[in-house]
Number of protein chains: 2
Amino acid sequence: MKVSILTIGDEILNGTTVDTNSAYMARNCIANGWEIEQVLSVSDTYNGIHSGLKILQENADVILITGGLGPTKDDITKQALADFFGVELVLNNAVYEKIAAYFSKGGQKQIDLNAKLAYLPKNAEVIDNERGTAQGMWFEFQNKIYISMPGVPHEMKHMLSNAILPKLKAKYHTQEISNFYIMCAGIGESAIYERIEDIENDFPSYIHLAYLPSLGHVKLRITCKHDKSETHKKTEALAFRDKIASRIKEHVYSFDEQKTLAAAVGDLLKDRNESIATAESCTGGYIAHLLTSISGSSAYFEGSVVAYSYNIKETLLDVKETTLNTVGAVSEETVKEMAAGLLYRMKTNYAIAVSGIAGPGGGTKDKPVGTVWIAVANSDKVIAKRFQLTKHRDYNIKISAHLALNMLRNFIVNH
Amino acid sequence: MKVSILTIGDEILNGTTVDTNSAYMARNCIANGWEIEQVLSVSDTYNGIHSGLKILQENADVILITGGLGPTKDDITKQALADFFGVELVLNNAVYEKIAAYFSKGGQKQIDLNAKLAYLPKNAEVIDNERGTAQGMWFEFQNKIYISMPGVPHEMKHMLSNAILPKLKAKYHTQEISNFYIMCAGIGESAIYERIEDIENDFPSYIHLAYLPSLGHVKLRITCKHDKSETHKKTEALAFRDKIASRIKEHVYSFDEQKTLAAAVGDLLKDRNESIATAESCTGGYIAHLLTSISGSSAYFEGSVVAYSYNIKETLLDVKETTLNTVGAVSEETVKEMAAGLLYRMKTNYAIAVSGIAGPGGGTKDKPVGTVWIAVANSDKVIAKRFQLTKHRDYNIKISAHLALNMLRNFIVNH
């Protein structure tokens with residue numbers, strides 16, 4: 001089945017807003033085994049929408065449409081849709097009742113103002129918007145399906161997952177698609193490939209592997225196409241997942257594609273009723289930010305010392321002046337002393353300490369930009385490693401943070 | 001002049017990568033007074049590219065094309081372009097020399113492998129790629145212009161700004177466009193509108209105002225269309241900029257549209273040779289991260305204490321136990337004591353202290369989720385304010401950080 005996507009809205013067309021909706025819809029279609037044919041953005045004008053529909057219906061079976069349904073704009077989108085299908089706009093009583101109830105606090109004037117939300121193309125099947133007032137619409141026309149959804153991301157996502165995808169799956173008796181994920185950190189795409197190439201070569205034709213890299217982690221997706229009865233194929237895909245995961249074990253932090261590395265570290269600490277603190281130089285608080293982005297992190301995260309200066313490293317982390325003056329701030333000795341000082345001050349079970357040269361300035365011949373030392377420790381043991389990263393400040397900060405969290409994860413699991 | 005954009009690549013079409021290139025190109029065209037007609041994504045296949053070109057040439061004068069030019073893919077894109085224009089691919093000697101020089105370290109085999117980068121459609125005018133090996137190409141065909149650029153964002157951006165836009169401006173004798181910017185923090189889009197509505201109403205037809213909001217700041221863009229000789233119109237637009245800026249003075253941190261709030265605070269501190277530290281509870285190190293994202297920040301940023309627990313607030317920031325036990329961690333007294341303790345420990349000129357309930361848990365009737373206290377201080381004075389934000393953790397963290405940095409900015413300027 002071929003799917004095309006139409007996004008309606010001047011904000012997206014003019015680049016004021018980056019279009020993240022299309023990528024979300026596309027990923028979900030791909031995960032169901034459908035192909036994406038074209039993704040098109042047009043202005044929220046009658047002509048823009050009309051010509052967009054004409055273009056996309058040439059090559060697709062299903063056209064997903066987002067945007068242009070707000071109370072101020074919707075007459076244009078709905079009128080363009082109605083004309084495209086050769087029907088009238090008619091009042092939908094059920095939708096009117098819903099809108100009247102929603103706006104009743106504002107009085108009759110508010111209801112009248114929003115009443116046009118209840119006028120829909122005659123051939124529309126209403127898809128309830130559980131998160132807002134602009135309804136979704138499902139159209140079947142000349143053997144193709146057109147689906148209009150609101151452009152507000154959380155409304156669209158909710159509608160897509162809960163109503164649209166199940167309805168499309170029921171309509172198109174495609175093969176079942178099972179997806180399994182491996183979330184990896186502290187390793188790049190090509191290094192993973194080198195280590196698991198032989199396993200991937202053994203994949204049968206109905207199982208595929210995709211590498212989905214982001215800054216700091218790589219998501220592996222194992223997709224298996226099978227008929228409903230062929231559960232053995234699904235079992236086979238799961239066995240491949242486990243084989244790959246055990247090959248790159250020290251980098252695998254979750255099988256849940258929604259889980260961040262910081263959340264996985266948090267889960268480990270919560271399970272063990274243990275705590276963590278960070279001492280950060282070049283990462284400048286970014287590890288603390290990742291950890292505290294997880295709700296409930298106060299159960300295991302005690303705090304951080306961001307020690308950018310020698311002075312703070314000495315006074316708040318008890319790093320020795322002689323260490324800084326002899327081997328420097330970016331050294332094995334310094335990160336180990338930072339970790340020890342932090343454990344003493346914070347009384348946590350674990351400590352992370354990072355010191356490096358994020359760049360673009362500050363590099364030397366022995367310690368070029370991108371040199372980073374990371375230590376992880378508990379009261380018994382400390383491990384430190386040196387990494388050589390890139391020339392790019394933002395990249396170095398974010399990669400260092402992920403390397404440090406993954407080192408801690410392995411430290412917790414293995415000690 | 002109407003511009004359409006074609007992005008080529010399965011990563012974007014399938015949603016693996018969010019398309020940020022299109023928004024960047026669109027914003028730059030809009031800033032030059034050109035209209036965006038359509039933005040289309042297609043697969044990197046011959047048919048995908050060919051049909052994309054056919055669609056877009058219907059309604060646009062200029063078609064910007066990105067992607068599909070890597071050494072493994074480029075035969076398809078360039079072949080599709082050549083066929084579309086009805087020409088052959090021919091070896092471009094100047095490009096071949098450049099590639100040979102670039103790959104000479106890898107030997108003749110490397111050069112041969114990459115030689116196809118030097119085969120271009122016969123009608124291509126080469127646009128030098130100063131950041132990589134895939135050349136840009138400019139085509140004129142049937143009164144329209146087609147421009148092919150690499151898909152790697154930093155290569156495309158550099159080529160667009162330095163070669164493509166100047167060439168397009170020279171070709172299309174459009175009106176001059178002057179853009180002026182006001183970067184605002186600590187205030188929302190609608191609050192700005194209410195305060196400056198009367199000024200905007202006085203705008204003549206050739207001056208326009210756009211609100212470009214992001215999380216934590218709002219960019220105002222004042223666009224003036226004028227002929228080259230009409231410098232008085234430009235002067236008039238500048239006067240409007242200054243009038244608006246002085247009306248919302250406490251929120252304006254820069255006239256430079258590239259400047260972040262953290263960078264503006266950094267500039268102030270550098271100019272004065274002064275220093276800053278942060279004490280963060282609910283922001284969890286995010287303010288430190290924003291400040292240290294700026295290269296050279298070690299000149300004025302000393303460090304931070306991320307104090308998530310009562311214990312750390314007491315031991316590292318000298319907050320009194322009685323304060324925490326009587327008025328709680330989210331209170332005026334606590335953030336003032338955090339700021340004072342931080343100044344004492346870090347010996348900086350200024351301190352920021354933040355404590356709040358980021359959510360989604362932890363709210364009470366008196367202090368619901370989204371309650372945030374912020375203090376800014378120097379050795380003479382401390383100011384604290386309470387804010388009531390939202391129910392969303394990520395939003396609360398990021399907005400609090402921007403509110404705090406803007407409070408500090410005003411504190412520095414006014415004291």
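Which residue in S16(A) does Ala353(A) stand opposite? The legends below, for a predicted model, begin with that pair.

**Figure 1. Pairing of strands S15 and S16 in chain A.** The residue opposite Ala353(A) is Ala375(A), in S16(A). Strand S15 of chain A covers residues 350-356, and strand S16 of chain A covers residues 371-377. The two strands are antiparallel and are joined by 6 bridges.

**Figure 2. Helices on the sheet.** H14(A) lies across five strands of chain A, namely S13 (276-280), S14, S15, S16 and S17. Relative to S15(A), H14(A) runs at about 145 degrees. In chain B, helix H15 (residues 393-414) packs on the sheet and touches S13 (276-280), S15 (350-356), S16 (371-377) and S17 of that chain. The direction of H15(B) makes about 30 degrees with that of S16(B).

**Figure 3. An open sheet of 10 strands with members from chain A and chain B.** The strand order is S17(A)-S16(A)-S15(A)-S13(A)-S14(A)-S14(B)-S13(B)-S15(B)-S16(B)-S17(B), and the pairing is mixed. Strand S17 (382-388) of chain A and strand S17 (382-388) of chain B are the edge strands, each pairing on one side only. On average, neighbouring strands of this sheet are turned by 10 degrees against each other, direction ignored.

**Figure 4. The junction of S14(A) and S14(B).** S14(A) is joined by 5 bridges to strand S14 of chain B (residues 301-307). These two strands run antiparallel. Val305(A) has Val305(B) as its bridge partner in S14(B). Strands of a sheet pair through backbone hydrogen bonds, in either a parallel or an antiparallel sense.

**Figure 5. The interface of chain A and chain B.** Chain A contributes 51 residues to the contact, and chain B contributes 51 residues. About 4100 Å² is buried between the two chains, with 61% of this area given by carbon and sulfur atoms. His289(A), Glu302(A) and Tyr308(A) supply 13% of the area that chain A buries against chain B, more than any other three residues. The rule finds 0 salt bridges across the interface, whereas 21 residue pairs are in polar contact, both residues being at pLDDT 80 or more.

**Figure 6. The side of chain A that touches chain B.** Elements that each supply at least two residues to this side include helix H2 (21-31), strand S2 (35-42), helix H3 (46-57) and helix H11 (286-292). Strand S14 (301-307), helix H12 (310-317), helix H14 (332-346) and helix H15 (393-414) of chain A also each supply at least two. By class, the residues of this side divide into 24 nonpolar, 20 polar and 7 charged.

Notes. Residues are numbered from 1 along each chain as its sequence is written. Chains are lettered from A and ligands numbered from 1 in the order in which they are written. This is a predicted model: local features need pLDDT of at least 70, side-chain atom pairs count only at pLDDT 80 or more; totals for chains, interfaces and linings use all residues. Side-chain values use heavy atoms; hydrogens and water are left out. Contact means heavy atoms within 4.5 Å. Buried area is the accessible area (1.4 Å probe) that two parts lose on being put together, summed over both. A salt bridge is a side-chain nitrogen of Lys or Arg within 4 Å of a carboxyl oxygen of Asp or Glu. A polar contact is a pair of N or O atoms within 3.5 Å; within protein, one must be able to donate a hydrogen and the other to accept it, and residues adjacent in sequence count only if both atoms are side-chain atoms. Helices (H or I, at least four residues) and strands (E, at least two) are DSSP runs, numbered from the N terminus. Ala, Val, Leu, Ile, Met, Phe, Trp, Tyr, Cys and Pro count as nonpolar, Asp, Glu, Lys and Arg as charged, and the others, Gly among them, as polar. Two strands pair if DSSP finds at least two bridges between them. Axes are lines fitted to C-alpha atoms, for helices over the stretch in contact, and angles run from 0 to 180 degrees between N-to-C directions.
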